[in-house]
Amino acid sequence: MGEHLDKEHYDLVCKALGPKMQFVQGDVAYAYGALLAGCTYFAGYPITPATETAEALARYLPQIGGTCIQMEDEIASLSAIIGASWTGTKAMTATSGPGFSLMMENLGYAVMSETPCVIVDVQRSGPSTGQPTESSQGDIMQARWGTHGDHEIIALAPSNVQECMDLTIDCFNLAERYRNPVILLTDGDVGHMRERLVIPDREDYEVEFRVPPPEDKEAYVPFEGDENKIPRVANFGLGYHTYVTGLTHDVTGLPATDDADKHTQLVTRLVEKITDKREEIVRVEVEKQEGARIGIISYGITARPAMGAVRILRERGVPVNFMRLISIWPFANRQVAEFAAGLDHILVPEMNLGQVVHPVREAVEGQCPVSCLPKIGGVMHNPQEVSEAVEKIPKGTKGATGGKKGGKKGMKKGGGR
Amino acid sequence: MRLRFCGFGGQGIVLAGYITGNAAVTDGKNAIQNQSYGSESRGGQCKSDVIVQEGDIYELELDEIDVLVAMSQTAHDMYIDQLEPNGMVIIDSDLVEPREEQSNLHAVPFTDIAYQAFNRKIMGNMVMLGYLVVVSEVVSEASMRSTIASNVPKGTEEMNTKAYEKGLELGRERK
């Protein structure tokens with residue numbers, strides 16, 4: 001698909017989706033986002049709480065000339081979208097924990113082969129099949145490190161239904177721009193919740209496409225990074241010779257598995273094409289209050305009760321700073337470090353026993369204690385319990401809680417690990 | 001306003017919640033709607049929660065209920081303790097026995113009224129929605145009407161709208 005098809009595609013999608021303002025589930029909103037971003041191929045396997053995404057795309061994709069296919073499992077689903085992507089098609093799959101686990105091998109393949117694709121992970125309570133109908137934020141670290149080997153991943157986390165659509169569009173743009181798999185790290189609560197959603201006008205959002213190969217086929221070196229370390233690989237079917245493999249390869253794409261230099265060059269480039277652009281990718285929202293000594297960092301659905309807690313505390317005369325991570329990976333190291341400056345303590349509410357708290361602590365580098373406010377079992381935090389947890393944080397200066405030592409103390413206090 | 005619709009799967013409980021939330025956003029308010037998931041919403045116990053607010057919604061799960069709409073005894077008994085003091089209870093009086101001395105009680109035989117008027121028990125939820133709009137003022141009558149018309153199966157819009165209007169009448173009589 002090229003940009004010239006863009007408006008035509010948008011009009012077709014809007015015709016299929018109906019009214020501009022709707023009251024829909026997050027799961028349906030991911031599907032809308034995909035369609036608006038130009039996705040014409042979905043492969044998936046039904047799984048609670050992500051099935052509604054597949055249902056929506058099964059309804060809409062045929063209407064716009066796209067393809068929706070139910071595969072035999074999640075391994076095949078990701079394989080299928082990787083294949084589709086290599087034909088130049090924008091492709092997506094959607095799943096939840098057990099299916100996401102199955103996708104780990106192919107996630108690595110997509111990273112290594114630099115295949116733009118989008119994976120929606122509607123997180124549910126695990127491990128294993130866990131609590132199928134209950135929500136969680138337990139796949140944060142799996143998204144980052146679930147596939148083996150050094151690599152970078154991009155993951156975004158929506159907090160409301162509108163963002164479920166908007167961030168899915170962003171996932172496609174990031175996938176195309178960086179030639180990397182991008183994960184929408186969402187959850188069963190926002191996935192099944194209905195809220196207002198407004199479909200944007202075409203001029204109100206960006207649609208990006210992967211960089212085309214050089215016209216001169218003789219000069220074509222498929223896996224040579226450009227000035228942004230991103231290769232100008234040709235889609236299949238354009239008449240270029242491209243060899244795609246998950247093995248370590250040189251710039252020609254051919255295997256070079258026993259060459260330390262070539263492996264180092266390749267994997268370093270795969271990592272740096274993302275980390276060099278960390279500032280472009282990272283997205284956070286910060287709300288500061290005069291005199292705040294405590295900070296809350298949260299993300300996804302949990303950011304909402306956390307924001308509610310900030311308001312409760314403000315009414316009680318307790319100023320609190322708040323940061324919402326919209327992007328989870330690559331991590332907002334600089335932003336979190338700056339947020340920590342001058343604070344006595346940072347609390348990280350999340351629907352797990354402590355995952356994002358770890359990169360937060362790493363980014364804070366001992367400026368203040370960081371503790372997790374964990375919650376599992378499929379129940380969301382409520383604003384009161386977050387505000388109570390803030391009020392229980394020992395008062396005083398960083399010195400009084402002992403800096404890094406206090407960090408450990410703070411961890412216990414918050415109940416996290 | 002925090003509302004819980006509950007009853008048996010098949011009574012149109014989820015649809016009632018969906019339509020109420022949808023009407024609220026049509027009014028320009030914020031709303032979220034959640035519902036029972038899986039087999040229970042298709043025959044067993046079923047509930048649908050709606051929160052309607054002017055501002056942003058931060059509390060996403062209902063611990064306390066302002067309006068409980070119960071269309072079955074089991075559902076009523078399961079959730080009545082979550083009702084706020086002097087919260088509103090709306091029951092189908094043929095199907096639910098309320099608590100003794102229940103305050104702010106609205107007992108109306110919605111299902112039977114629907115059956116008598118339209119020969120269709122399934123219209124009971126629409127009669128209930130009309131009644132609810134008047135007594136709770138959760139959404140505007142116009143938004144509820146238009147949302148009903150655009151969210152019921154094609155060909156049934158007229159009957160559903162009439163059932164809704166029947167509910168409006170009943171509500172006005174009560175008020």
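**Exercise 1. How are helices α4(A) and α6(A) oriented to each other?**

*Solution.* Let us start with the result: in this predicted model, α4(A) and α6(A) are roughly parallel to each other. Here is how to get there.

- Step 1: Find the two helices. In chain A, α4 covers residues 74-86 and α6 covers residues 104-112.
- Step 2: Look at their axes, which come within 8 Å and cross at roughly 15°.
- Step 3: Apply the cut-off. Angles under 35 degrees count as roughly parallel, and α4(A) and α6(A) are therefore placed in that class.
- Step 4: Add the hand of the crossing of α4(A) and α6(A), which is right-handed.

**Exercise 2. Which residues make the contact of α4(A) with α6(A), and how do they divide by class?**

*Solution.*

- Step 1: On the α4(A) side, pick out I75(A), L78(A), S79(A) and I82(A).
- Step 2: On the α6(A) side, their counterparts are N106(A), L107(A), Y109(A) and A110(A).
- Step 3: Sort them by class. Six residues of this contact between α4(A) and α6(A) are nonpolar, two are polar and none is charged.

**Exercise 3. Where do domain 1 and domain 2 of chain A lie in the sequence, and what makes up the side of domain 1 that touches domain 2?**

*Solution.*

- Step 1: Take the bounds from the domain assignment: 3-204 for domain 1 of chain A and 286-414 for domain 2 of chain A.
- Step 2: Note the spacing. The C-alpha centres of these two domains of chain A are 29 Å apart.
- Step 3: Turn to the contact, where 24 residues of domain 1 of chain A meet 21 residues of domain 2 of chain A.
- Step 4: Name the elements. On the domain 1 side, β6 (131-135), α7 (140-145), β7 (154-156), β8 (181-187) and α9 (188-192) of chain A each give two or more residues.
- Step 5: Within that side of domain 1, α7(A) gives the most, with four residues.
- Step 6: Sorted by class, the same side of domain 1 of chain A has 11 nonpolar, eight polar and five charged residues.

**Exercise 4. How many residues of chain B are in contact with chain A, and how many of chain A with chain B?**

*Solution.*

- Step 1: Count both sides: 15 residues of chain B are in contact with 16 residues of chain A.
- Step 2: Find elements on the chain B side. Both α1 (13-26) and β2 (30-35) of chain B supply at least two residues each.
- Step 3: Split the chain B side by class, which gives six nonpolar, six polar and three charged residues.

**Exercise 5. Where in chain A does pLDDT stay under 50?**

*Solution.*

- Step 1: Begin with the whole chain. The average pLDDT of chain A is 94, and 94% of the residues score at least 70.
- Step 2: Now go to residues 399-417 of chain A, where pLDDT stays under 50.
- Step 3: For this stretch of chain A, the model has 45 contacts beyond four places in sequence.

Key: Residues are numbered from 1 along each chain as its sequence is written. Chains are lettered from A and ligands numbered from 1 in the order in which they are written. This is a predicted model: local features need pLDDT of at least 70, side-chain atom pairs count only at pLDDT 80 or more; totals for chains, interfaces and linings use all residues. pLDDT is the predictor's confidence in each residue, from 0 to 100. Two residues are in contact if their C-beta atoms, placed from the backbone, lie within 7 Å. Axes are lines fitted to C-alpha atoms, for helices over the stretch in contact, and angles run from 0 to 180 degrees between N-to-C directions. Angles under 35 degrees count as roughly parallel, over 145 as roughly antiparallel, 65 to 115 as roughly perpendicular and the rest as oblique. A crossing is left-handed if the near helix is turned anticlockwise from the far one by less than a right angle, and right-handed if clockwise. Ala, Val, Leu, Ile, Met, Phe, Trp, Tyr, Cys and Pro count as nonpolar, Asp, Glu, Lys and Arg as charged, and the others, Gly among them, as polar. Domain bounds come from an automatic or database domain assignment.
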